[in-house]
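Dear colleague,

I am handing over a structure that you have not worked with before, and I would be glad if you could look through it alongside the notes below.

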Amino acid sequence: MTPMLKKFKTGFNRLFGSKNDGQLEFRCRNVKVKGYEYLFVRAVVPDIPEILDIERAVYKGQTPWNFENFEAQIREQERTLYLVVRHNDEMVGFAGCDMKYATYEAHITNIAVLPPYQNLGLGQMLIKTLIDEADKRGLRKVSLEVRQSNVNAHEAYRFAGFVDRIVKKDYYTDSPAEDAIEMVYSINANKRKERMTNGRRQKSHLGL
């Protein structure tokens with residue numbers, strides 16, 4: 001394959017998500033967060049009952065997404081990436097996103113952590129993992145929606161580097177309907193901030 005043809009194929013695959021491009025490959029990994037060991041793996045259909053159990057635990061017995069919703073996302077492996085997290089063989093969290101290559105933006109569709117494992121940094125690590133995966137694939141932004149009344153989640157996403165973009169009226173259609181705040185994380189902007197912060201730390205270390 002000539003360099004020009006290879007370059008064209010790479011650009012085409014990134015834009016349209018070719019089945020053979022391997023862009024959504026994810027290798028399982030062990031991750032340590034605040035002293036806890038977790039296993040991050042790509043979700044498969046047999047994981048869905050446990051995912052629904054986490055939904056019930058987080059949403060007071062409700063399942064905002066049903067089995068079929070999750071199955072469609074997990075089977076769509078060209079453009080969606082769903083991860084589950086296990087601790088001592090127990091599923092303790094999950095997250096998923098849709099890689100929108102045409103607009104260079106990943107959209108986080110779901111994220112939930114079992115109540116006993118909340119506020120331990122696991123949610124932030126899930127977000128960071130999805131951001132890193134989007135960055136690897138050349139995407140520039142990561143977006144999500146959060147209920148306007150969910151102040152804690154809103155603050156957590158802000159802490160992760162997301163900023164408010166727009167308000168979506170009556171986005172959540174359960175009774176009563178509720179607005180959503182769409183938030184966005186700029187990968188390039190946050191990379192610049194990290195480089196500047198690391199540069200200042202290095203100067204401080206050198207006594208400059």
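What follows is a short account of what was found, going from the whole chain to a few of its parts.

Please keep in mind throughout that this is a predicted model. The chain has six helices and eight strands, and, read from the N terminus, these elements come in the order α-β-β-α-α-β-β-β-α-β-α-β-β-α. Of its 208 residues, 39% count as buried. Among the contacts with a separation of 6 or more, 58% are made by residues 24 or more positions apart. The accessible surface of the chain comes to about 12,600 Å², and carbon and sulfur atoms account for 52% of that surface.

The strand that I would look at first is β3, which covers residues 80–87. Eight of its eight residues are buried, so the strand is largely enclosed by the rest of the structure. Burial is found on both of its sides: T80, Y82, V84 and R86 point one way, while L81, L83, V85 and H87 point the other way, and all of them are buried.

Strand β3 also has partners in two other strands. Strand β2, residues 36–42, runs antiparallel to β3 and is joined to it by four bridges, whereas eight bridges join β3 to strand β4, residues 90–100, again in an antiparallel arrangement. Residue L83 can serve as a landmark here, since L83 in β3 is the bridge partner of R42, and the bridge partner of L83 in β4 is A95. Between β3 and β4, which form a hairpin, there are two residues, and N88 in that turn has a positive phi of about 55°.

Helix α4 spans residues 122–136, and its length can be checked: at 1.5 Å a residue, its 15 residues should span 21 Å, and the end C-alpha atoms are indeed 21 Å apart, which agrees. Within α4, the buried residues are L122, L126, I127, T129, L130, I131, E133 and A134. After the helix comes G138, with a positive phi near 80°.

Finally, a word on cysteines: the structure holds zero disulfides. Residue C28 has 54% relative accessibility, and because the cut-off for exposed is over 50%, C28 counts as exposed. Residue C97, in contrast, has 0% relative accessibility and therefore counts as buried.

With best regards

Definitions and conventions
Residues are numbered from 1 along each chain as its sequence is written. This is a predicted model: local features need pLDDT of at least 70, side-chain atom pairs count only at pLDDT 80 or more; totals for chains, interfaces and linings use all residues. Side-chain values use heavy atoms; hydrogens and water are left out. Buried means under 20% relative accessible area, exposed over 50%, partly exposed in between (1.4 Å probe, protein chains only). Two strands pair if DSSP finds at least two bridges between them. A disulfide is a pair of cysteine sulfur atoms within 2.5 Å. The expected span of a helix is 1.5 Å times one less than its number of residues. Contact means heavy atoms within 4.5 Å. Accessible areas come from the Shrake-Rupley method with a 1.4 Å probe; for residues, only the protein chains shown count as cover.
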